[in-house]
Every structure is written in C-alpha cells, then in structure tokens.
Amino acid sequence: MRTVNRIATLLLAVALLVGGVLVAVEGTLAALSRPGLLLHRGHAALTGTRWQDAPARGVAAAVTLIGLVVLAAELIRWRPTRLRLDGDDGWHLHRRSVERRLARAVRSVPSVRRARVRIRRRGDAWRPRVTATGDPAARSDVEFAVHRELDRLAAPTRGRVEVRLVPARRAA
C-alpha cells in the first residue's frame, strides 16, 4: 500500500505545483494588464478586483486559515499505531495491544485495582506512562511488573517508566 500512497502523493503534488504556477502566471499577467493564458473572460474580474473588496479579503483569510490548519496537522506528532521491536527485521506490535497487555500486568500486582497505560515513543525507545488506583507503596512492584512484561515483548531499550499511583477512595 505504501507504493500506491506514494504515487498518489506524487500526482497530487504535481497537480498542485502546476496549478500554483498557472495561478501565479495568470496573476502576473493580470497585474501587467495583459490578457491571461486561460482566463480570457476572467481578465476583467482579475484586474477590477481590489484588496479593499470584502470577497477578496474573505477568500484570502479562508486560504490562510486552511494553510495554517494543514501546517499544524503536519507538525503535530501523532501517537504511533505500531511500535517497532528491537532490530531491523521489520517486526512490530500494535500500540493499543501493548497498552492493554501492560495494564493487565499492572493489575496483576496485588494492591492495584485499576490501571491505564499509555505508550509514548522517543526515538525507538518506548516510554510507558502508568496511571493506577492502588497502594502508593506498591510503586516498585508496578515498575517491576511493567519491566517484566516489556522484556517478554522484546521492547527496545528499556527506559524510565512513569508510574502514578492514586490511593483508592473510600466510601463515607
């Protein structure tokens, strides 16, 4: 599927490039008061529109806003759906299944009742963040359970495990 995505991306990029060059040429010809290459009928509209007109400013604001949204979407680091294992052999695990398995390992600690695990990635290393309900004194047991499960999964370079244990509330 990667090949199809790359070809589609290349075709879209070429189409956007050709369209952008065409718009730039048409705008330049309109600014020089010469007839355009494709827009013979639109020449009067291009030369007669001023920046002070509301539609021109509205279109410019909309295009700027769309551009900023696309830029922000590209710059945001998304959580990976797949996590690579050690080595360059191409094996990976799904992030959600790793989170569930680590949460199950944390719940196996006797003083822990509920657990939620989120995996963050820094380079190739995984950084589990554990939020659990239970005895705060069981922190080392929780870390041990997480590290043991990560060893079973062949996780790359064990990093620090963030553990947050919240004492269970008691009903009044």
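Q: How much area does the protein chain expose, and what share comes from carbon and sulfur atoms?
A: About 13,200 Å² is exposed, and carbon and sulfur atoms supply 60% of it. Accessible areas come from the Shrake-Rupley method with a 1.4 Å probe; for residues, only the protein chains shown count as cover.

Q: What kind of model is this?
A: It is a predicted model: local features need pLDDT of at least 70, side-chain atom pairs count only at pLDDT 80 or more, and totals for chains, interfaces and linings use all residues. Residues are numbered from 1 along each chain as its sequence is written, and side-chain values use heavy atoms, with hydrogens and water left out.

Q: How many helices and strands are there?
A: Five helices and five strands. Their order along the sequence is α-α-α-β-β-α-β-β-α-β. Helices (H or I, at least four residues) and strands (E, at least two) are DSSP runs, numbered from the N terminus.

Q: What share of the residues is buried?
A: Of the 172 residues in the protein chain, 23% are buried. Buried means under 20% relative accessible area, exposed means over 50%, and partly exposed lies in between (1.4 Å probe, protein chains only).

Q: New topic. Which strands make up the open sheet?
A: Three strands, in the order β3-β4-β5, with mixed pairing. β3 (112-122) and β5 (162-166) are the edges. Each has a single partner strand, so one side of each has no neighbour in the sheet. On average, neighbouring strands are turned by 15° against each other, direction ignored.

Q: How do β3 and β4 run?
A: They run antiparallel, joined by 10 bridges. One bridge pairs V112 with G134 in β4. Two strands count as paired if DSSP finds at least two bridges between them.

Q: And β4 with β5, parallel or antiparallel?
A: Parallel: five bridges join β4 (residues 125-134) to β5. T131 has R164 as its bridge partner in β5. T133 stands opposite V166.

Q: Which helix packs on the sheet?
A: That is α4, which touches β3 and β4. Its direction makes about 145° with that of β3. Axes here are lines fitted to C-alpha atoms, for helices over the stretch in contact, and angles run from 0 to 180 degrees between N-to-C directions.

Q: Pick a residue in α4. Is E99 buried or exposed?
A: E99 is buried, with a relative accessible area of 2%. It sits in α4 (residues 95-107). Leaving out residues up to four places away in sequence, E99 touches R79, V117, R118 and I119. A contact means heavy atoms within 4.5 Å.

Q: Which side chain makes a polar contact with the side chain of E99?
A: R118, at 3.2 Å. A polar contact is a pair of N or O atoms within 3.5 Å; within protein, one must be able to donate a hydrogen and the other to accept it, and residues adjacent in sequence count only if both atoms are side-chain atoms.

Q: Which residues have the most contacts inside the largest nonpolar core?
A: V106, W126, V130, V142 and V146, in a core of 24 residues. α4, β3, β4, α5 (139-152) and β5 each supply at least two of its residues. A nonpolar core is a set of buried Ala, Val, Leu, Ile, Met, Phe, Trp, Tyr and Cys residues joined through side-chain atoms within 4.5 Å.

Q: What does V146 touch?
A: L102, V106, P128, V130 and V161, not counting residues up to four places away in sequence.

Q: Back to the strands. How many residues of β4 are buried?
A: Seven of its 10, so β4 is mostly covered.

Q: Which β5 side chains are buried?
A: V163 and L165, which point to one face. E162, R164 and V166 point to the other face and are not buried.
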